[in-house]
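Visitor: I am new to reading protein structures, and I would like to be walked through this one step by step. Could you guide me?

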Amino acid sequence: MSAITTNATTTADLRETVTRAFARRKMQALAVPVLILAYLVYVFFAFDVPGIAGRMRPDNAAVLLSDFWSYKTHVTRDNRTGEVSVAVEGERKGTWPPGTAPDWVTLGDETRVALPDGGRITYIPDGAVIARAGFGTIEVHSTGRAIALTLPEGAAMPDWISASNTRVNISGEGWRFSMTKARTETFRYFPGWELFFFTLDSPFHGKSVGELIALALWEPRLTPAHSNIAAMASDFWNNAMWRHGDVFAAMGETVLMAFLGTMGAGLIAFPLAFVAASNFAPARAIRLTLRRLFDFLRGVDGLIWTVILSRAFGPGPLTGSLAILLTDTGTFGKTFSEALENIDGKQVEGIQSTGANALQRARFGVIPQVAPVILSQLLYYLESNTRSATIIGALVGGGIGLLLTQAIITQKDWEEVSYYIILIIAMVMVMDSLSGWIRRKIIKG
Amino acid sequence: MAQAETLPSMDYMALVRRKRLYGGLILIVFIALMASGFDVADARNAGGFWNGITHVFDFPKEILSEAARDWRNLPGFLWQFVPSLIETLNIAAVSTLFGSGLAVIFALLSTRGLALWPRLTPVFRRAMDIMRAMPEIVIALVLIFLLGGGPVPAMIAIAFHTTGALGKLFSEVAENADLKPVEGLQSVGANWLQRMFLGVLPQVAPNWSSYALLRFEINIRASAILGFVGSGGIGYDLKTSLQWGQGKYDEVVAIFLLLFLTISVVDHFSDRARARLVKGGKAA
């Protein structure tokens, strides 16, 4: 009798505990998303997300996007001297030689600029005449102090003109015109990255791919001193607009930072890891001190190391690689000593039984066991540090990271920014597959 | 017979010799690379290595002596910078949350056997590769230009990179998941979402959370660095104090201390939590 009642009560108890456990589970399953949601709501206001709409710069986005896929050519007249110059992106390095211009610009007493929508802008001595297709002729005159705008008779002020006493802006599909007292300027937009391969002063500018191949292979030399293909390579490499040579040197610097930092850290951490591993440590006190040192190196973090080191070594790639080296010595010291603690003692014993000394035991009993772990760690960090080196380069002033931040800070050369971003991504991906390939080769073969 | 016995050992010796030769060659190339690399880096650096090494402790000494002189200010500064520290931590936490959420989707869509559209797995993989390769600073700086300052650009930038990095790891974990529960669920008519949620997620959740925690540690550092480049948080305070220079070094020390303590504490607890997650509750 009594046995059955206990049984019944235990069943009832069990049922109750199970039901309660289920209820708790349900609560938990519900509580986690609710907590996360509450946190996100808090962050939404802490980060002032509603205020972003006010701070957002859609015009910047437009500039960035159009710069990314197109370039503009400026036709500028200095209103004081009357000199007209044609320049890609308005830069001195992209200026057409005096007296030459692209085919849509007619130089002469009155400079004429053909517009893509069929209109034409003529620079007259005291202003400009803009013939806009489907609208009529607009005249802009500089009358002593102010700039006066004359619309065709009967026309209302369209929204693509903005005019004040000091400045007139007119924009159209693929072009823009602006006039101030100092200068009269027309911009025309074209797709692509102009002068990417050759600048205007290179004899190879404006040639088609077929012509270039012909020049490289059999046509006579354009410059007597060098063969065409060497001249082409040098013109490309020393391109003043895109600076390919400098950019690639900067990428090399970034990879160098990652390589020196990672491998140097590995070289320092490897012997130290033996001292910090519990099964090799000569003394407990030394082991614990080293462990704390590793924790310290890691905890101080690359940012602080970068700040401290750049005071001593100045800006440059060496500072960056030392910052990587210090942080990663901490990381490697920890992971390597953990790997050493996890080795199989039997192999070491086996070697010992043949009469090997400590060094031989380490060489033939320990290193073969930990080498794959250590190598794959090193290679993994080499890849990940290439990315870190880009960021550290921006802080210490070295490598592609520096070029990138400089280009972004000027806020106008977005095509260069895009070029650098593409190169950085390619660089990291190449390092990724390279380290993966070596890892597979070494660990399997 | 005698020949047959000597052959393998000769083969073996030749193999060993060749291996040693390769090993030696690789070592020489490696040493040459390190040495010449060091030379190049040294030459391109503003200050040389041998010049600078004697001055390594100058700056720490300077800031520490100033902090020691004005040690009474330190607690106040520590307290003063807590809000920016919280902002830095928030950036890291939110970007880890969003990043791991997106990484789950990308990982499931790019894992063989689980993908909703098996043909598109290479597309998602490449997308993750690109996200992983993108350094945070690139996106952060571009977004600062578009959105103005503040923590949001840093948050998006870190989340973007996190998606790629975690997505790859998540997908490696999911690849090893047992497919039987998924098949069982499919046989009772569960749709893709239900199969993933009930069949895969319980298997991979511990490993995924462990990776996400590790990412959180990394993202705290990234968020501090992005602040330095101009996106709010404690990194920004560090930059302004450093630019001020002498006279504000006690602030610099306070920020260093806060950063160091935070990173150490978070590392410590996440280490323990990860050990528990992966080894199943038995670790301390």
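Guide: A definition helps at the outset: a residue counts as buried when its relative accessible area is under 20%, as exposed when that area is over 50%, and as partly exposed in between. Please also keep in mind that what you see is a predicted model.

Visitor: With that in hand, is Asp48(A) buried, partly exposed or exposed?

Guide: Asp48(A) sits in the loop that joins helix H1 (2-46) to helix H2 (49-55) of chain A, and its phi is near 55 degrees, a positive value in a residue other than glycine. Because its relative accessibility is 36%, and the class between 20% and 50% is the one in between, Asp48(A) counts as partly exposed.

Visitor: And is Asp301(A) buried or exposed?

Guide: Asp301(A) also has a positive phi in a residue other than glycine, with a value near 80 degrees, but its place is in helix H7 (residues 284-313) of chain A. Its relative accessible area is 4%, and the cut-off for burial is under 20%, so Asp301(A) is buried.

Visitor: How far apart do the C-alpha centres of domain 1 and domain 3 of chain A lie?

Guide: The domain assignment of chain A gives domain 1 (2-54), domain 2 (70-191) and domain 3 (244-444). If you take the C-alpha centres of domain 1 and domain 3 of chain A, the distance between them is 43 Å.

Visitor: Turning to chain B, how many helices does it have?

Guide: Read along the sequence, the pattern of chain B is written with α at every position, α-α-α-α-α-α-α-α-α-α-α-α. In keeping with that pattern, chain B has 0 strands, and its number of helices is 12.

Visitor: What is the radius of gyration of chain B, set beside that of a compact globule?

Guide: The C-alpha trace of chain B spans about 80 × 65 × 45 Å along its principal axes, and 46% of its 284 residues count as buried. A compact globule of 284 residues would have a radius of gyration near 19 Å, whereas the value for chain B is 26 Å.

Visitor: How far apart do the C-alpha centres of the domains of chain B lie?

Guide: Chain B is divided into domain 1 (2-55) and domain 2 (69-279). Between the C-alpha centres of domain 1 and domain 2 of chain B, the distance is 37 Å.

Visitor: What volume does the largest cavity have, and how many charged residues line it?

Guide: The count comes to 2 cavities of 30 Å³ or more, and the largest cavity has a volume of about 70 Å³. Its lining includes Tyr71(A), Trp193(A) and Trp242(A), together with glutamates such as Glu89(A) and Glu415(A). Sorted by class, that lining has 5 nonpolar residues and no polar ones, and the number of charged residues is 5.

Visitor: Which elements give two or more residues to the lining of the second largest cavity?

Guide: The second largest cavity has a volume of about 30 Å³, and its lining holds 3 nonpolar, no polar and 5 charged residues. Among the residues that line it are Glu383(A), Arg387(A) and Asp432(A), and also Asp129(B) and Arg132(B). The elements that give two or more residues to this lining are helix H10 (358-396) and helix H12 (414-444) of chain A, together with helix H6 (121-133) of chain B.

Methods. Residues numbered from 1 in each chain as written. Chains lettered and ligands numbered in written order. Predicted model: local features only at pLDDT ≥ 70, side-chain atom pairs only at ≥ 80, totals over all residues. Heavy atoms only, no water. Domains from an automatic or database assignment. 1 Å grid on protein atoms, 1.4 Å probe; cavity = no way out; pocket = protein on both sides within 12 Å on 5 of 7 lines; lining within 4 Å. Points joined across faces, edges and corners; volume = space filled by probe spheres on them. Nonpolar A, V, L, I, M, F, W, Y, C, P; charged D, E, K, R; others polar. Helix = DSSP H or I, 4+ residues; strand = E, 2+ residues; numbered from the N terminus. Rg over C-alpha atoms; globule rule 2.2 N^0.38 Å. Buried < 20%, exposed > 50% of the residue type's maximum accessible area, 1.4 Å probe, protein only.
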